[in-house]
Amino acid sequence: MIAQEYARTQAPMMALPAADLVELAQVGPGARVLDVGTGTGVAARAAWTKAGGEGLVVGVDQSIEMLRVARRGGGGSCYAAANAIDLPFADETFTHVVANFVITHFPKYDTALFDVLRVLKRGGRMGVTTWGPADARDEFRTVWRGVAEEFAEADILSDAIQRVVPWEELFSDKGKLKEVLHDAGLRDIWVEKRDYRSEMPVEDYLAGRETAATGRFLRQMLGEELWKTFRRRARDVFAERFPPRINDFREVILAVGHKP
């Protein structure tokens, strides 16, 4: 259920940077591409479009539910359950690796990057995306967080997010992201920021927030009855503050380098 809602409400926003990342990584016909933390497969499908029938695209994720949704998305990509710290592939299997909004989730990012680069060929290219810094002017997220804090203390919510995405703040700094990728072994690293806009109904925005880290934590903490109360409250507040359709803007950092 969560994977399906994620695919409907959040994956479309992630698909735009994924397509740009594949382009920047210079994925072309015949490429062998690994999509780490593929989720519902948006980056894998973008890579397959570029790699074509002679290429190979493999998406790996720990979530079986996400992989089922990815498979239903079509395209010629293959999918497998795997952990980034112990990838089930031989050394230098892939010409390209992409990691779309996943590096912030790695408990030990240095260990994960070591194994990811192990399966990348020499001269191969790796690309990653991360969200840019949180913007205090983001009224939608500010309002949603405000409602959440009516039901749980701010410190508890921050701790829950930290456990799910421990490196979100670190990798929202493009300089730090470049430094980490360089220390992992990538060279000639290109880093840039781009802004993306997504228009959606308010209901879809709220459903997306509910599948994100804070929403999942709240549902577990509150129990079903209080969760229903929270959801009604969020919808009432958003109906008072915003029109039925909104434009959500996000800053994304894209980084690409090669393995010497």
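These are my notes on helix 4 and on three residues with positive phi.

**Ground rules.** I worked on a predicted model, where local features need pLDDT of at least 70, side-chain atom pairs count only at pLDDT 80 or more, and totals for chains, interfaces and linings use all residues. Residues are numbered from 1 along each chain as its sequence is written, and side-chain values use heavy atoms, without hydrogens and water.

**Helix 4.** I took helices (H or I, at least four residues) and strands (E, at least two) as DSSP runs, numbered from the N terminus. Helix 4 spans residues 64–72, and I found M66, L67, V69 and A70 buried there. Buried means under 20% relative accessible area, exposed over 50%, and partly exposed in between (1.4 Å probe, protein chains only). The four cover an arc of only 160 degrees around the axis, so they sit on the same side of helix 4. I read that arc from the directions from the helix axis to the C-beta atoms. An α-helix has 3.6 residues a turn, so residues three or four places apart point the same way. R68 and R72 are exposed on the other side of helix 4.

I then looked up the cover over the buried residues. It includes helix 1 (2–9), helix 3 (42–51), strand 2 (56–61) and strand 3 (78–81).

**Positive phi.** G74, just after helix 4, has a positive phi of about 85 degrees. Most residues other than glycine have a negative phi. Q26 is not a glycine, yet its phi is positive, near 60 degrees. I placed Q26 in the loop between helix 2 (11–24) and strand 1 (32–36). Q26 is exposed, at 55% relative accessible area. E92, also not a glycine, has a positive phi of about 55 degrees. E92 lies in the loop between strand 3 and strand 4 (94–100). E92 is partly exposed, at 32%.

How values were computed:
Contact means heavy atoms within 4.5 Å.
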